[in-house]
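Trainee: I should like to work through this structure with you, one question at a time. May we begin once it is in view?

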Amino acid sequence: MENQLAKSTEERTFQYQDSLPSLPVPSLEESLKKYLESVKPFANEEEYKNTEAIVWKFQNGIGEKLQQKLLQRAKGRRNWLEEWWLNVAYLDVRIPSQLNVNFGGPASHIEHYWPPKEGTQLERGSISLWHNLNYWQLLRKEKLAVEKVGNTPLDMNQFRMLFSTCKIPGITRDSIINYFRTESEGHSPSHLAVLCRGRVFVFDVMHEGYLMTAPEIQRFSNYFLGQLTYIQKKCHSEPDGPGVAALTTEERTRWAKAREYLISLNPENLTILEKIQSSLLVFCLDDDSPHVTPEDYSQVSAKILNGDPTVRWGDKSYNLIAFSNGVFGSNCDHAPFDAMVLVKVCYYVDENILENEGRWKGSEKVRDIPVPEELVFTVDEKVLNDINQAKAQYFKQVSDLQLVVYAFTSFGKKLTKEKQLHPDTFIQLALQLAYYRLHGRPGCCYETAMTRLFYHGRTETVRPCTVEAVNWCQSMQNPSTSLLERKHMMLEAFAKHNKMMKDCSTGKGFDRHLLGLSLIAKEEGLPVPELFTDPLFSRSGGGGNFVLSTSLVGYLRVQGVMVPMVHNGYGFFYHIRDDRFVVSCSAWKSCPETDAEKLVQQVFHAFCDMMQLMEMPHL
């Protein structure tokens, strides 16, 4: 049943890791020049001149010293950024990470053989799990094809972090523990954790050296009660468990202390935690039945991001969620990997489900397999109180989240490519215009660029709110500007964005570079350079202050969702298909000036306006 998507190749998945180039340190002069360009849309003339002077002073003073120290650091590391980025972006963060840091997304099975249907949760769940486990085996055998740009291999390290990986809370800094090993490296855990109604179960997916089949994972056969059926029957006929998983939604230091207390109650609690941490993934049996259609993924996406906290282990790298109506989704900790890893496994599973018409086409024969083991935590009043407190803060924040996920179906990649427009840039500029129209000012924006051409490369920031983009937005709102002028300005904004994306993907971005320089200063015990305290630094998005936090999820049938980076901002994620653009937009209801629904409608309106401009003849 395995299809050709991740077919066996001569190449091994991780074989190029040792030969990938190191992450370069960009030129200080180039980075500062690009930074100055990026702040222009947010400054008046006087402010810009002031920032220009600050940058000049930095470049010819402390900046040069910091650059030399950064170059020194890079000599001893293949990726000078890796450890810093992990700590600053993820592990040092103290706010609750399940809602604020994790990403997730709905499965697109509903668009073909698995529309929402009650009573299908376990049957479909076992098939979905089986395909996920095949993907795990391909990774273990290193038979997953190496991703490439042309003939150049990309870093595949993040794929090691998909299975058997977990974040562990710490008092001041979290850590990541990864138990995955390839077959050539040795033993790798082969058990799954299942969360259902506040209870935790585990079972081994290998039996007598072979992977369990979907029927073995799922259902009855004569006297045999399948793994998932056993768990569901038990949970539905007995009282709910304490829901220890809800603790993972807590503020990080509070969760770390609650975890320490839990372990001190009974050393067996540590054994249970380690079984969950090392499990391949967490399979979440969720009693909700969210609404979903191919044009509107809003409700299911919200439930994936902010559903029942007792059936999500927020720190796991992979929570696979099965809803009561046979609809699926994933929720992942962002620290160990970026969304493209999840996109690839979701697409692999979806293609296999599509290819097999949503059915199990293998053997119906089931072996005599031991029942799942329930992991029962020792809890007391304090733990139960901690769980209730965690739920209360979680539901309070959840009630504040506005999330919409809609498909724009008038056209998609096919038409934009026909017009020789890059579809990703098309959406980014539409978003700039939408924000400008809705808020009457430019919106500082973060778009993810991937740096996987380099060893352990992850991401760089593209800043789509350029001078060219703002000039075009202003022209669109100015009745005296002709359509031809508007088109000309739009194409200039396209060219600028495309160049920035290319620079950022090839190690010539500036945001991570500036972060490195600021961290060197901190490590050396130096005062914070004025460059980073200048109001324009944060107003233009620096220091994680982007009002638009955006990412292209890809060109496959997989959508992603995340919350905004700042309280007065938006989280905007999208994927691109031949005939449609699917966008998700989040905002906080407690911010009176943001409205995700209105922004998406403005984006769709902008799509049409842009396409109309392309009907105009060239200047």
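Trainee: At about what angle does helix 15 run to strand 18?

Mentor: Please bear in mind that this is a predicted model. Helix 15 comprises residues 423-439 and lies across strand 15, strand 17, strand 18 and strand 19. Relative to strand 18 (570-576), helix 15 runs at about 150 degrees.

Trainee: Which strands stand at the edges of the open sheet of six strands?

Mentor: The strand order in this sheet is 14-19-18-17-15-16, and the pairing is mixed. Two of the strands have a single partner strand each, so one side of each is left without a neighbour in the sheet. Neighbouring strands are turned against each other by 20 degrees on average, direction ignored. The strands at the edges are strand 14 (401-408) and strand 16 (459-462).

Trainee: Which residue in strand 19 stands opposite Gln 402?

Mentor: Strand 14 and strand 19 (residues 581-588) run antiparallel and are joined by eight bridges. Opposite Gln 402, in strand 19, stands Ala 587.

Trainee: Is helix 15 parallel or oblique to helix 21?

Mentor: Two packed helices are described by the angle between their axes and the distance between the axes. Here the axes of helix 15 and helix 21 come within 8 Å and cross at roughly 120 degrees. Helix 15 is therefore, in relation to helix 21, oblique.

Trainee: Is the crossing of helix 15 and helix 21 left-handed or right-handed?

Mentor: Residues of helix 15 in the contact include Phe 426, Ala 430 and Leu 433, and those of helix 21 include Leu 599, Val 603 and Phe 607. The crossing in which helix 15 passes helix 21 is right-handed.

Trainee: Which helix gives the largest share of the largest nonpolar core?

Mentor: In soluble globular proteins, nonpolar side chains tend to be buried together. The largest nonpolar core has 86 residues, of which Phe 426, Trp 472, Leu 514, Leu 531 and Phe 607 touch the most other members. Its largest share, 11 residues, comes from helix 21.

Trainee: How many residues make up the second, separate core?

Mentor: Among the members of this second core are Leu 139, Ile 231, Leu 285 and Cys 346. Its residues number 61.

Trainee: Is Ser 279 buried or exposed?

Mentor: Ser 279 is found in the loop between helix 10 (267-278) and strand 10 (282-286). Beyond residues up to four places away in sequence, Ser 279 touches residues including Ser 164, His 191 and Lys 316. Because its relative accessible area is 0%, Ser 279 is buried.

Conventions: Residues numbered from 1 in each chain as written. Predicted model: local features only at pLDDT ≥ 70, side-chain atom pairs only at ≥ 80, totals over all residues. Heavy atoms only, no water. Pairing = 2+ DSSP bridges. Helix = DSSP H or I, 4+ residues; strand = E, 2+ residues; numbered from the N terminus. Axes fitted to C-alpha atoms, helices over the stretch in contact; angles between N-to-C directions. Contact = heavy atoms within 4.5 Å. Buried < 20%, exposed > 50% of the residue type's maximum accessible area, 1.4 Å probe, protein only. Core = buried A, V, L, I, M, F, W, Y, C linked by side-chain atoms within 4.5 Å. Parallel < 35°, antiparallel > 145°, perpendicular 65-115°, else oblique. Left-handed = near helix turned anticlockwise from the far one by under 90°.
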